[in-house]
Amino acid sequence: MAQQETDQRIDSGTTVAGTADGFADDTEGAAERELAHRERGTSRPITVVGNPVLHRECRDVTEFDDSLAALIDDMFASQHTAEGVGLAANQIGVDLKVFVYDCPDDDGKRHVGAICNPVLEELPPEERHLDDSNEGCLSVPTAYAALPRPDYAVVRGQDAQGNPVKVAGTGYFARCLQHETDHLYGYLYIDRLSKRDRKDALKQMEEGTPRYETVPNA
């Protein structure tokens with residue numbers, strides 16, 4: 001996910017600890033863990049809307065090995081280069097259900113982690129409070145549009161070792177968790193817009209110039 005237009009990136013061991021309620025404590029050592037990942041990784045160009053890998057459900061992660069760890073390192077490096085706050089594997093052309101994030105919540109806490117095979121929990125109606133802030137995407141560079149999403153999200157999945165993991169987010173971070181999970185099931189945020197707003201976002205992309213390397217569509 002791209003940073004919001006008005007947001008500034010937070011300045012900057014690799015294991016995420018758990019909390020008593022079963023949620024990952026992805027704020028502990030966030031800067032150190034993110035730095036370790038991207039220093040091991042290699043930045044890759046970003047796929048953009050129209051690339052087939054972005055428009056279909058990705059394959060489940062079934063092997064939690066060194067190749068997956070290396071992919072996650074590359075994803076953190078790529079995310080940092082593009083100045084994003086979240087990145088799904090298909091955004092660098094890899095057909096696997098894994099995403100990484102380095103994202104602040106609305107309290108300014110920095111969350112860093114990776115989730116494989118994520119599933120977004122369905123919220124009961126009384127917990128569905130919509131936030132209609134602007135949203136952007138590294139795969140739709142230079143474009144932003146308002147998109148209502150719940151301001152709280154819970155994602156369950158597995159960590160890089162295959163252990164069960166559960167992550168909760170509020171505000172901007174909740175938007176990030178929903179946005180990246182969408183990617184792995186073949187949805188871009190513009191797919192959730194009205195036809196008019198989607199057309200406007202694509203026009204913004206056409207008129208803008210990405211600040212990072214992208215993969216040209218054939």
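This passage describes the aromatic pairs of the structure and the charged groups placed over its rings. The model is predicted, so local features need pLDDT of at least 70 and side-chain atom pairs count only at pLDDT 80 or more, whereas totals for chains, interfaces and linings use all residues. Residues are numbered from 1 along each chain as its sequence is written, and side-chain values use heavy atoms, with hydrogens and water left out.

A search of the whole structure yielded 2 aromatic pairs, a pair being rings of Phe, Tyr and Trp (its six-membered ring) with centres within 6.5 Å, classed as stacked with planes under 30 degrees apart, edge-to-face over 60 and tilted for the rest. The pair of F99 and Y101 is tilted, because the ring centres are 6.2 Å apart and the planes stand at 50 degrees. Y101 also pairs with F173, again in a tilted arrangement, with 5.1 Å from centre to centre and 50 degrees between the planes. Distant parts of the chain are linked by this pair: Y101 belongs to strand β5 (residues 98-104) and F173 to helix α3 (residues 171-184), 72 residues apart. Helices (H or I, at least four residues) and strands (E, at least two) are DSSP runs, numbered from the N terminus.

One aromatic cluster is thus formed by F99, Y101 and F173. F99 counts as buried because its relative accessibility is 0%, where buried means under 20% relative accessible area (1.4 Å probe, protein chains only). Y101 and F173 are buried as well.

Charged groups were also located over rings, the criterion being NZ of Lys or CZ of Arg within 6 Å of the ring centre and within 35 degrees of the ring normal. The charged end of K166 lies over the ring of F23, 4.1 Å from its centre, and that of R192 over the ring of Y187, 5.7 Å from its centre.

How values were computed
Buried means under 20% relative accessible area, exposed over 50%, partly exposed in between (1.4 Å probe, protein chains only).
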